[in-house]
Amino acid sequence: MQWIRRIIVIILLCNNLFLTSPGYARSLTIFQDNTIMLTAVGDIYLGGQLQQRIISDPTFPFSGIQSVLSDTDILIGNLEVVLSLKGQRWLEKSYTLRSDPRSVYALKTAGFDGVTLANNHIMDFGPEALYETLQVLDKSGILHTGAGRNLKEARRPATITKNNRNVAILAYNNTFPLEFNAGSNRPGTAPGYPAYIINDIKQAKIRSDWVIVSFHWSEERLEWPKDYQRRLARQCIDAGASVVVGHHPHVLQGIERYQNGLIAYSLGNFSFGTWSRNVFDSIILKVELDATGFRRAFIFPLNVNNYEVGGQTRLRHGQDGIRVLRHLQKLSAPWRTRIHINPSAYGIIK
């Protein structure tokens, strides 16, 4: 990819052009060899009413945003469902989620490099379903972190190498039920205990250029992060992480610029096979990283209201997109985060 980027830079300099993808222009500085573009999205549930459509056409859920997803070095999201039809309900819960293993082709087609599994649904159908999910992802070449056959495996980072740089992804679950947390000899998710998190970040940083931390936390439909979220997120940056992303509320929470890092407290849903009148806005977050950590970010507002998009996530344009970005400005105001809104309906944080 390095030689391709050099050729693009030469072409752009000679022709004074911009490389564009829907809604924004990537400037020349993005093509420096010492930078990485990371794209992060929120909760993914490729099941429910979308199941058969996804199996018959894996491109369906992301076809409207594929150009934005593809314009990156690394793409990650939170997989909030087992890719398995095995196992039985492990605990009595109001909602249990599963999808056909063939759903993985939608993730593969979209270009996901890795997924996080530390959430409150990855153990809905017990160890057998989790194990098959891990196997399906491995077979598809999609890295994963945040859940495993034991605590050590759940805490193991997913290390993605691009442009001769290593990016370590860690994921932790701070939601109930606690029975989903892994133990030394018990499968499950990586619990978000500060001692684990700080140690894991420091160890990952030794072998990686950047560390990204994912949290499943907060409460559903809560727009403002709780005190423990802010405390944990800042501890991550202080320990050496460059980016912290969160999910679980299914709605947006604010973005904080802290030290040399960026904290996005909740990205909202990304593609979720349920219908709700309370869930309609989300974002794609693109973060450019350089040797010092966070450099800048691009924010793309999304329509995830399935009553309108029918399970096919779409970009919000014009005033509709600007509405989402202004709301995100409001949610980010407590930390004086400056989100510049481009008239083309995307945001920039520098």
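Colleague: Is R155 buried or exposed?
Modeller: This is a predicted model, and in it R155 is found in helix α6. Its relative accessible area comes to 18%, and buried means under 20%, so the word that applies to R155 is buried.

Colleague: With which side chain does the side chain of R155 make a polar contact?
Modeller: Leaving aside its neighbours within four places in sequence, R155 is in contact with L170, A190, Y196, N199 and D200. From the side chain of R155 a polar contact of 2.7 Å is made, and the partner is the side chain of D200.

Colleague: Which residues are buried in α7, and why do they line one face of the helix?
Modeller: Helix α7 covers residues 194-207, and its end C-alpha atoms are 21 Å apart, which agrees with the 20 Å that its 14 residues should span. An α-helix has 3.6 residues a turn, so residues three or four places apart point the same way. Seen down the axis of α7, the buried residues fall within an arc of 100 degrees, so they line one face. The buried residues of α7 are I197, D200, I201 and A204.

Colleague: What covers the buried residues of α7, and which exposed residues does the face turned away from its buried side carry?
Modeller: The cover over the buried residues includes α6 (151-155), β11 (165-173), β13 (210-216) and α8 (227-239). On the face of α7 turned away from that buried side, the exposed residues are A195 and I206.

Colleague: Where does T145 lie, and which backbone oxygen lies 2.7 Å from a polar atom of its side chain?
Modeller: T145 lies in strand β8, which runs over residues 143-145, and at 2% relative accessibility T145 counts as buried. Not counting neighbours within four places in sequence, its contacts include V115, L117, A154, R156 and I169. The backbone oxygen that lies 2.7 Å from a polar atom of the T145 side chain is that of R156.

Colleague: How many residues has the largest nonpolar core, and which helix gives the most to it?
Modeller: Among the residues with the most contacts inside the largest nonpolar core are F62, L69, F112 and F270. F62 itself touches L69, F112 and F270, among others, when residues up to four places away in sequence are not counted. The largest core has 47 residues, and the helix that gives the most to it, with 5 residues, is α5.

Colleague: How many residues are in the second, separate core?
Modeller: This second core is separate from the first and includes L38, A158, W210 and A297. Its number of residues is 34.

Methods: Residues numbered from 1 in each chain as written. Predicted model: local features only at pLDDT ≥ 70, side-chain atom pairs only at ≥ 80, totals over all residues. Heavy atoms only, no water. Helix = DSSP H or I, 4+ residues; strand = E, 2+ residues; numbered from the N terminus. Buried < 20%, exposed > 50% of the residue type's maximum accessible area, 1.4 Å probe, protein only. Polar contact = N/O pair within 3.5 Å; in protein donor to acceptor, adjacent residues only side chain to side chain. Contact = heavy atoms within 4.5 Å. Expected span 1.5 Å × (residues − 1). Arc of directions from axis to C-beta. Core = buried A, V, L, I, M, F, W, Y, C linked by side-chain atoms within 4.5 Å.
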